[in-house]
Amino acid sequence: MTEHVAQSTWVERSGRFGLATKGFSYILVAVIALRVAVGGGGQTESREGALKTLADEPFGWLLLVLVAFGFGSYAMWRFAVAIFDRDAEGDDAKGIGKRLGDLGKGLLYAGLAVLTISVVVGAGGGGDSGEEDRATAAILDVPLGQWIVGAIGVAIVGAGVFNAYRALSGSFRKELREERMSGAEQSWYTAFGVVGHLARAVVFCLIGVFLVRAAWQYDPDEAIGLDGALDKVAGEAYGPYLLGAVALGLAAYGLFCLVQARYRDV
């Protein structure tokens, strides 16, 4: 029974649809950030905020229902990988670590699915920039709260460094069925992967550094999310150009996910 569930074609289809939805969500954030970078007005958004923006468009609710289903599908795939060891990582320390990472990703995207539905029914605020502040303040108030926030910040910086490693080493290509791709497709996929992972590295490192700062200064206002990280980039010298470059990188990561949805070994 466990083997049947682990290798089910429905799990594979869920993973592919989820990867496509993940890519769409990153492209949506990138488009909004690019509009800001070229002077189109508005403000940068997290994925949650971008979904709220999408809800205001004609038939946006229908797209959001599909996005919620896609996030839920991605979560189901990650849960299957983690619980049933679909990728055959094993039960040693390394394998358990990878499976716990998949479980964490599943929980994250399950939460995004719930948040997306809440936007559809009007119960969610979408991209409330104060959410990071409130969450950080709540953690800071518990025993060892500063250490917990600091550890989360260090972990996010670590994720940024890992994304940079994947970009520079090209290790992301191991997950792909490259034998099914043409030479041109492989070249574009590699380019999307390198640029996209570097953009994520920049964003993750910024988020992590500011979380560590929040812990060090005992100031939840220092905490930022994806939208805050993009705002920090926009506030630097040559900010619009830097924001445009990071936005293009996030769009590249979205395209990378779309290619994975077709060719990744899931």
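In what order do the elements of the protein chain run from the N terminus on? In this predicted model, the elements run α-α-α-α-α-α-α-α-α-α. The count comes to 10 helices and zero strands. With a radius of gyration of 19 Å, close to the 18 Å that the globule rule gives for 266 residues, the protein chain is as compact as a globular protein of that length. The C-alpha trace spans about 50 × 45 × 40 Å along its principal axes.

The overall packing can be described next. Of the 266 residues, 45% count as buried. The accessible surface of the protein chain comes to about 13500 Å², and carbon and sulfur atoms account for 65% of that area. Contacts also reach across the sequence: among those between residues at least 6 apart, 72% join residues at least 24 apart.

Charged side chains offer a helpful way to see how parts of the chain meet. The model holds eight salt bridges. One of them pairs aspartate 102 with arginine 78, at 2.5 Å from N to O. This pair links distant parts of the chain, since aspartate 102 belongs to helix α5 and arginine 78 to helix α4, 24 residues apart. Are these two partners buried or exposed? Aspartate 102 has a relative accessible area of 8% and is therefore buried, as the limit for that class is under 20%. Arginine 78 is buried too, with a relative accessible area of 5%.

A further salt bridge joins the side chains of glutamate 175 and arginine 166, with 3.5 Å from N to O. Here the partners fall into separate classes: glutamate 175 counts as partly exposed at 21% relative accessibility, whereas arginine 166 counts as buried at 12%.

Aspartate 265 and arginine 177 also meet through their side chains, in a salt bridge of 3.3 Å from N to O. Aspartate 265 lies in the segment after α10 (239–263), while arginine 177 sits in the loop between α7 and α8 (183–217), so this salt bridge ties together parts that are 88 residues apart in sequence. Of this pair, aspartate 265 is partly exposed, with a relative accessible area of 47%, and arginine 177 is buried, with 18%. Elsewhere, salt bridges that share partners bring Asp85, Asp91 and Arg99 together in one network.

Aspartate 85 deserves a second look. Where is aspartate 85 placed? Its place is in the loop between α4 (60–84) and α5 (93–120). Although in a loop, aspartate 85 counts as buried, at 18% relative accessibility. When neighbours within four places in sequence are left aside, aspartate 85 is in contact with Ala80, Gly90 and Arg99. Arg99 thus appears both among these contacts and in the salt-bridge network with aspartate 85.

The surface brings another kind of feature into view. Which residues form a nonpolar patch on the surface? The patch is formed by Val142, Leu144, Trp147, Ile148 and Ile152, and together these residues have about 530 Å² of accessible area. One of its members, tryptophan 147, is found in helix α7 (residues 145–169). Tryptophan 147 has a relative accessible area of 68%, and because the limit for the exposed class is over 50%, this residue is exposed.

Terms used
Residues numbered from 1 in each chain as written. Predicted model: local features only at pLDDT ≥ 70, side-chain atom pairs only at ≥ 80, totals over all residues. Heavy atoms only, no water. Patch = residues over 30% accessible without salt bridge, like charges linked within 9 Å, V, L, I, M, F, W, Y side chains within 5 Å. Areas by Shrake-Rupley, 256 points an atom, 1.4 Å probe, with all protein chains shown as cover. Salt bridge = Lys/Arg side-chain N within 4 Å of Asp/Glu carboxyl O. Helix = DSSP H or I, 4+ residues; strand = E, 2+ residues; numbered from the N terminus. Buried < 20%, exposed > 50% of the residue type's maximum accessible area, 1.4 Å probe, protein only. Contact = heavy atoms within 4.5 Å. Rg over C-alpha atoms; globule rule 2.2 N^0.38 Å.
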